[in-house]
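Trainee: Could you walk me through some helix and ring geometry here? I'd like the reasoning along with the values.

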Amino acid sequence: MNSVNDLNQVEKALQQTKMVCETLENQKGMVDKLVADTQVLEKHISVEKSKLYKQELKCLQGYRDKLKLKISKDVHLLEETVSKLRTLEADSKVVQRWLDSVKDFLMKDQIKQAEPEGLQRQLDQCMLFIIEMEKIELSLKEMKETESSLRGQPVNAWVKSKVTDIQSQWDRLSKQIICQKNQLSENQEKAVNLKKDLTEMQEWMAQAEEEYLEKDFEYKNPDELENAVEEMKRAKEDVLQKEVRVKILKDSIKMLAAKLPSGGQDLTTELNLVLENYQLLCNRIRGKCHTLEEVWSCWIELLHYLDLEAAWLNTLEEKMKTTEHLPEKIDAVSEALESLESILRHPADNRTQIRELGQTLIDGGILDEIISEKLEVFNARYEELSHVAVSRQISLEQQLQMMRETEHMLQVLQESLKDLDRQLTSYLTNRIDAFQMPQEAQKIQAEIAAHESTLEELRKNVYSLMSPSPECRSPRGGTHLDVLQRKLREVSTKYQLFQKPANFEQRMLDCKRVLDSVKVELHILDVKDIDPDIIQFHFDKCMKLYKTLSEVKLEVETVIKTGRQIVQKQQTDNPKSMDEQLTALKFLYNDLGAQVTEGKQDLEQALQLSCKFNEVSHSLSKWLEVTEAELVHKSTSERTLSDLDTEVAWAKVSFQGYAI
């Protein structure tokens, strides 16, 4: 492999190496048989010989594997080399073909260079060669890459020599063909290019005139107007940029006309026409651009004034919103009123500008629909907010006036309630009640009723001015009214206490004490004896209790009636407790009255029965004495036995007469 120098030798070496690889592969069966024979032989020889054979067999297999690996690598390397050399050969043929064609062309060109009719044909042929140069450069690049990849291999010297030779030919011939092409095309190209530039300039001016100058001014939305302005600015810039090109074109035509006097007249005439049209186009585009910029400036200015007025209207609207929920303070309402009045003093200059600018644009038929709509919306909102603002101003003025009047009334009411409170406090402290001063009580009651009416009227007025939100309540509004309301309740409570008799509790306690003393003496109603004197004693005691209850009855009824009124009017700190005491007092009085009345009746009846019993007993005793004496007399008399029937009849009559 170290002796190969060209593609044929490399291909031959590849074939030889593949044959060696196949030979090694064919020997694999012999090696496998040798391994099997060694395994059989191990059973019939000693261990030492067996180890020796195994070692030799292992060495043989290792040598074979190394040789096979090396040959495989050589096969792979040779295959890659063959592939690269074939590619190199194909690329070299392509490059060499181009080089040979260029050599032939250059040799023929030297002969035919003076022939005018062959210039265009030769130029076309040059252009074909130059066009193919890119492809040839790629092939040459691939050859260099192949040479670089084969460095360090025996074939590299041959490859490098081949590539170097072709590269040197390429460098020389590529420069020659380019130089030849330049020489052929220089004069013709200048004339063609100038002619083309003049034509393009004429076409551009015609296109610019059609695109920028033949459009009308009927713009219906700001985007169209803005696009038109930007478009005219770009047109203006394009025209100014073309000025440099026109100058270069003018100078180039003059230079070419100086070299070719007979052929430059047409270009000069066409140049003069282009210059005249260019100057006219510049003037027209500048005029239209200026006009559109003025129109756009008017539109932007109109929007600016509309934004200013919209901002003022927004401020006015926000200020009116802030006046909807004002704290119920005179300072807050006064400040809000002053602030609103300050905003309403806004000058009318901006609205004048809006009207004039809008009318100017509408008269020109530019954005007329949009401007009319914007002006209509602005004027409607302005009129609406102005009307609402003036109404709010009047409302705040009325509110401020009413608040000041309310403030004065609140102060007067507060002082009056303080005076009433001091007066009632003095009466209660000195235990003076309404029963002792009835005229003063009526006067105080009338004043309290008047204050209640005044306070209710003030509350209605304040609530009509106040915002419903709690945070807007202030000490001069709802809270002040609440304080006065509580003060009025305190005064009313003290007046109710003033209406309550000053010694009511003591009178109720006295009634309770009297009834309790009667209750303690109820045992007198219990009599176990029938002696009239004892019964009379109990009866007398009962009559005293009866008299006591009769005497206290009016006071008890008065106390209960007065107490019920006190409870009903809430003239006590604990109405429930007092109600329970009154109920207990009434129950006790009724219970005692029932027991004493019933006891009195029982004692009367007992006394009558006892007296009658004594009378009957006394009569019976007398009859017994008389009858006994009569009987003794009769029993001692001799006539008794003779008239026995008569005596028996007498005895019956006497007994029956007593029994009756």
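Mentor: Sure, definition up front: helices (H or I, at least four residues) and strands (E, at least two) are DSSP runs, numbered from the N terminus. This is a predicted model, where local features need pLDDT of at least 70, side-chain atom pairs count only at pLDDT 80 or more, and totals for chains, interfaces and linings use all residues. Residues are numbered from 1 along each chain as its sequence is written, and side-chain values use heavy atoms, with hydrogens and water left out.

Trainee: Which residue just after H9 takes a positive phi?

Mentor: Look right past the end of H9. With a phi of about 70°, the residue there is Gly365.

Trainee: What arc do the buried residues of H9 fall within?

Mentor: Buried means under 20% relative accessible area, exposed over 50%, and partly exposed in between (1.4 Å probe, protein chains only). In H9 the buried ones are Asn350, Arg351, Ile354, Leu357, Gly358 and Leu361. They line one face of the helix, because their directions, seen down the axis of H9, fall within an arc of 135°.

Trainee: Which exposed residues sit on the face of H9 turned away from its buried side?

Mentor: Flip H9 around to that face. There you find Asp349, Arg355 and Asp363.

Trainee: How do the rings of Trp98 and Phe129 pair: stacked, tilted or edge-to-face?

Mentor: Rings of Phe, Tyr and Trp (its six-membered ring) pair if their centres lie within 6.5 Å; planes under 30 degrees apart are stacked, over 60 edge-to-face, the rest tilted. The whole structure has five aromatic pairs. For Trp98 and Phe129 the centres are 6.4 Å apart and the planes at 90°, so the pair is edge-to-face.

Technical notes:
The arc is that of the directions from the helix axis to the C-beta atoms.
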